[in-house]
Amino acid sequence: MLVATLPEFADLWQSTLNWCPSEQERSQFQAFYELILQGNQQQNLTRITEPSDFWEKHLWDSLRGVFPKVTQSRLSAIDIGTGAGFPGIPMAIARPSWNVTLLDSTRKKINFLQDASRSLGLTNVRLLSDRVEQIGQSAGHREAYQLATIRAVAAAPVCAEYALPLLKVGGLAVLYRGQWTEEEAIALDQAVQQLGGAVEECDRFETPLTQGVRHCLYIRKTEPTPREFPRAIGIPTQTPL
Ligand SMILES: C[S@@+](CC[C@H](N)C(=O)[O-])C[C@H]1O[C@@H](n2cnc3c(N)ncnc32)[C@H](O)[C@@H]1O
């Protein structure tokens, strides 16, 4: 199969994220793109496959959520509902000193990411096939991470219930959203207060090629999350906080 080359857009990386991938990081992005296209023939990983779309809506979007805000050189992160590896894999490539756990309830996607991480030579990635409601109550994961990312998984209050129990006090959850309304902001605030957190910032921006509107919600964990959260499997989506 002849695969297109991803655009470099070095100036755009630099002007929007104040960062530019090294030669090695660029070839890892390209290799990941090729693995996804191959994987798409076995399972439905993503519909975003055109090179500049992939660059903008997967690579750039994944990194835009964490780059301006998260400055620690070392940290332990979890990407909840990672799917085909977004934003987790671009994060692991661009920040080799971060330890990134990729979580998804679909075993087939985690198997794909296991093979992909190996071929990309990523030694800072750990794969986990489980429900987030389950691991949020398990000793090895609860209050274990400094950063939790979650993109395109559920409504915002549900994402907050998934993410906050996994964070250490002082840690940060990043909710990647498209459009964002006042009603959503009110619902999220109410949920976050029950979970031991506070919404620190709502960052609105546009994607650099097609000017799609995005919002990133940054939620700081300010105190331990009450033991009852996350609730049992399925309850957060059936009865959001
Ligand atoms: C629409 S995909 C988004 C994938 C990726 N984050 C992205 O933005 O491209 C949502 C993913 O979340 C996973 N997921 C949904 N609910 C989950 C749960 N309760 N625990 C773990 N994974 C979950 C699904 O299996 C699916 O792969």
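In the unreviewed UniProt entry, the feature "binding site" covers Gly81, Phe86, Asp104, Ser105, Thr106, Val132, Glu133 and Arg151. The structure described here is a predicted model, and it offers a way to see where these positions lie. In the model, 16 residues surround the ligand, and the closest are Gly81, Gly83, Ser105, Val132 and Arg151. Sorted by class, this shell is made of 6 nonpolar, 5 polar and 5 charged residues. Two elements that each supply at least two residues of the shell are strand S2, spanning 98-104, and helix H6, spanning 132-135.

Two of the positions listed by UniProt can be followed in more detail. Asp104 belongs to strand S2. It counts as buried because 25 C-beta neighbours fall inside 10 Å, and the cut-off for a buried residue is 20 or more. Beyond its neighbours within four places in sequence, Asp104 makes contact with Gly81, Thr82, Gly83, Lys109, Ile110 and Ser129. Of these contact partners, Gly83 is also one of the closest residues to the ligand, and Gly81 appears in the UniProt list. Thr106, in turn, sits in the loop between S2 and helix H5, which covers 107-120. Thr106 has 13 C-beta neighbours inside 10 Å, so it counts as partly exposed; a residue would need 12 or fewer to be called exposed.

Strand S2 itself is mostly covered, with 6 of its 7 residues buried. Its partner is strand S1, residues 75-80; the two strands run parallel and are joined by 6 bridges. Within this pairing, Ser76 has Asn99 of S2 as its bridge partner. A second parallel pair is formed by strand S4, residues 145-151, and strand S5, and here too the number of bridges is 6. In this pair, Ile150 stands opposite Leu175 of S5. Strand S5, which runs over residues 167-177, is also mostly covered, as 8 of its 11 residues are buried.

What about the residue just ahead of S2? Ser97 lies in the loop between helix H4, residues 88-94, and S2. Here the surroundings are sparse enough for the label "exposed", because Ser97 has 9 C-beta neighbours inside 10 Å. Apart from its neighbours within four places in sequence, Ser97 is in contact with Ser73 and Arg74. A distance across the chain can be read from Ser97 as well: Gly178 is 81 residues away in sequence, and the two C-alpha atoms are 29 Å apart in space.

Seen as a whole, the protein chain contains 9 helices and 7 strands. Its radius of gyration is 17 Å, close to the 18 Å that the globule rule gives for 241 residues, so the chain is as compact as a globular protein of that length. Along the principal axes, the C-alpha atoms fill a box of roughly 50 × 35 × 30 Å. Of the 241 residues, 40% count as buried. The fold also brings together parts of the chain that are far apart in sequence: among contacts with a separation of 6 or more, 69% are between residues 24 or more positions apart.

Some details of the backbone are worth a look too. The peptide bond from Phe86 to Pro87 is cis, with omega near 5 degrees. Phe86 is one of the residues in the UniProt "binding site" list, while Pro87 is found in the loop between S1 and H4. Another cis peptide bond joins Phe229 and Pro230, with omega at about 0 degrees. Pro230 is placed in the loop between strand S7, spanning 213-221, and helix H9, spanning 235-238.

Positive phi values turn up at two residues that are not glycine. For Ala152, phi is about 60 degrees. This residue lies in the loop between S4 and helix H7, which covers 156-163, and it counts as exposed because it has 11 C-beta neighbours inside 10 Å. For Gln211, phi is near 55 degrees. Gln211 is part of the loop between strand S6, residues 197-206, and S7. With 8 other C-beta atoms within 10 Å, Gln211 is exposed.

Key. Residues numbered from 1 in each chain as written. Predicted model: local features only at pLDDT ≥ 70, side-chain atom pairs only at ≥ 80, totals over all residues. Near = placed C-beta within 6 Å. Helix = DSSP H or I, 4+ residues; strand = E, 2+ residues; numbered from the N terminus. Nonpolar A, V, L, I, M, F, W, Y, C, P; charged D, E, K, R; others polar. UniProt positions renumbered as here; feature names shortened; annotations may be inferred. Contact = placed C-beta atoms within 7 Å. Rg over C-alpha atoms; globule rule 2.2 N^0.38 Å. Pairing = 2+ DSSP bridges.
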